[in-house]
Amino acid sequence: MNTKLPVRAAALVLGLTLALSPMAGAITVDEARELLRENYIDEIPEEILALPTIDEITDALGDPYTYYMTAEEYAAFQSDMDGTDVVGIGVMVEKTADGLLVSSVAPETPAARAGLRIGDLIVAADGTTIQEAGTPDALAALITGEAGTDVTITILREEEELSLTLTREAVVFPTVTGEVVDEHIGWLHCTSFGTDSGAYFQTYITEEDEAADRWVIDLRSNPGGAATAVIEAVGHVLGNYDVAYLVDRQGSLSVWRPNPFPVEIPGLIQEPLVVLVDGNSASAAELFAAAMRDYHYGLIIGTRTFGKGIAQNVFEQSDGSAFKITTHRYYSPDYVTPDRSGVLPHLVVDANLADEVARLLCGETVEEPSADVLVLELAGETWYVHREEAVSEDYAPAFAELLAALAPETPMTLDGEAVTPAEVSEAWDVTYVSRWFDDVAESPYGDEINALAALGVLQGNETGGFDPLGQLTRAELVSMMVQAMGYWCWESQGSAPFTDVTGEEWYATALDIAYNLGLIQGDESGAFRPDDLVDHQQFLTILTRMGARADLSIESRMEQVTEEELADPAVQGYDAWARSAVVTAEDLEFLAVPLEELDPHAPTTREEAAAMLYRMLDYIGILTPAVTAE
């Protein structure tokens, strides 16, 4: 983990959507202005605060997480966090053209008592089929109704048709559900972090612990929730460790920890753990995943998460309304923020196949080498993929995703012999599409380049190659950086004001994003010069600046550069504006070659850029520990 930074307090009272003491009556515009002045993470221009209504003020902020809620809206907000209360039979479904696919069964509900299972397909209600109903929504409407009334549903289960009559009642969908799958995998699905989520984690882990030798925690489409809940959940899983660090508007650093005292309390999960995420996993869900990543406690699988790295407090009013305000930016235990860039999984796979990839990796342990069992070392644990399951019709697509997601040099064996994904594909006769570039075999940085390609961090050229010896232009640099950090999923905050960019260029969106994040600047005439080559000092400056935005320890190191370090002859060869970044990059081992061998003004090649990008991301700790930069 990165060097520890000074922390202001052992525990923080504030929390993500954690309500503070109610204020008297409905909030006034003047009271809202004062709350924002005192608590908002950034200083707000007075011309925005002078706007006549709360809605106009919050709209002008451009912060989608700071807004006023009426009593009804706040009640709905709390319900979404704590569990949904409806009248029905107690299932969550995915709406398909063939019917309603059961994705979750709430405990102690009509559906649970009737024996409905995940994977059942509801094709009719009270004799009306999906075809007769016309749409999945129309079929779902037939299942809901008044409490105490009956509904007869028809389901398909493994080609068998079953008819069940259930009595509707008020049901609550808990934020966490748990079960044992494949007779040995403890599986928790967490839809949000509400008031009782931490207790649910403890209950299900305790109940399933005896049967489980592997664990999966599914956070896909989890929008986040309360800080207290995710702190408690992390504590139950891995023990009493720092969950996150927060920075307020004064720059003070505070810590979230399950127990405010530095006592080591072991977690409830000691077996190999997988965490599933997707682009809709946000906020508290990202904190959970990042904590598992930083403590090397779990293998993260799925797609890059949403990228919400700011925390809010809710100021309740006595009339039931509330004002939610962004008050902090937060960072993982390794001081890495998910803000804008999200959490990058160890294995990037189609989120719809992530659960199947997890089940493949969680195959039962074998003691002796076998040609029918692929053994992998990932995130500090050993995983076993069984051929019979991997090549089956149900799992072959997920196995192909797994092979494509593996970095070079990932330790894995068949029958005791080291193998590559391509060799496994041939041995088991499974087709997969490699993400590796075929033109980097001779590059000294080929493994690092292909490790980033497997993660989707690097994109190739129009022919599908990487062109490792090609020289990097400023336009290509911006595109590479925005792609690497996952900033594509965020809209820019306006067009970059460069005189030589129209906004129609292929790199224009990336340029707008990078400019508004403060990562790039133009020349003295206001031009960007997109076709100019990027020299080493420009590249190192932008790389380190990007790293500092993501990692507090990089920012801290840049601020601590000494005059003695700046006076180093190798550093003096760089222009004054680049020297602090160069010192930081050398000290944190971002450089691909010794500083003395790097010409400040020579063009940066694409392979050099990829290698130094890899080293920076490796320092942050967001890469699978398979390839080690030497």
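## An acidic patch on the surface

Asp-55 sits in helix H3. Keep in mind that this is a predicted model. With a relative accessible area of 48%, Asp-55 counts as partly exposed, because the exposed label needs over 50%.

Which residues join Asp-55 in the negative surface patch? Its partners there are Glu-56, Asp-59, Glu-72 and Glu-73. Two helices each give two or more residues to this patch: H3, covering 54-61, and H4, covering 71-82. H3 supplies the largest share, with three residues.

## A strand tucked inside

Now for strand E18, residues 310-317. Is this strand largely enclosed or open? Eight of its eight residues are buried, so E18 is largely enclosed by the rest of the structure.

In a regular strand, side chains alternate between the two faces of the sheet. Both faces of E18 turn out to be covered. One side carries Ile-310, Gln-312, Val-314 and Glu-316, and the other carries Ala-311, Asn-313, Phe-315 and Gln-317; all of these are buried. Buried here means under 20% relative accessible area.

## The E18 and E19 hairpin

What does E18 pair with? Its partner is strand E19, residues 322-331, and the two run antiparallel with seven bridges between them. If you want a spot to look at in the viewer, try Val-314 of E18: its bridge partner in E19 is Lys-324.

Four residues lie between the two strands of this hairpin. In the hairpin, Gly-320 takes a positive phi, near 95 degrees.

Conventions: Residues are numbered from 1 along each chain as its sequence is written. This is a predicted model: local features need pLDDT of at least 70, side-chain atom pairs count only at pLDDT 80 or more; totals for chains, interfaces and linings use all residues. Side-chain values use heavy atoms; hydrogens and water are left out. Buried means under 20% relative accessible area, exposed over 50%, partly exposed in between (1.4 Å probe, protein chains only). Two strands pair if DSSP finds at least two bridges between them. Patches are made of residues with over 30% relative accessible area and no salt bridge: like charges are joined within 9 Å, nonpolar side chains (Val, Leu, Ile, Met, Phe, Trp, Tyr) within 5 Å. Accessible areas come from the Shrake-Rupley method with a 1.4 Å probe; for residues, only the protein chains shown count as cover. A salt bridge is a side-chain nitrogen of Lys or Arg within 4 Å of a carboxyl oxygen of Asp or Glu. Lys and Arg count as positive and Asp and Glu as negative; His and the chain ends are not counted. The place of a charge is taken as NZ of Lys, CZ of Arg, CG of Asp or CD of Glu.
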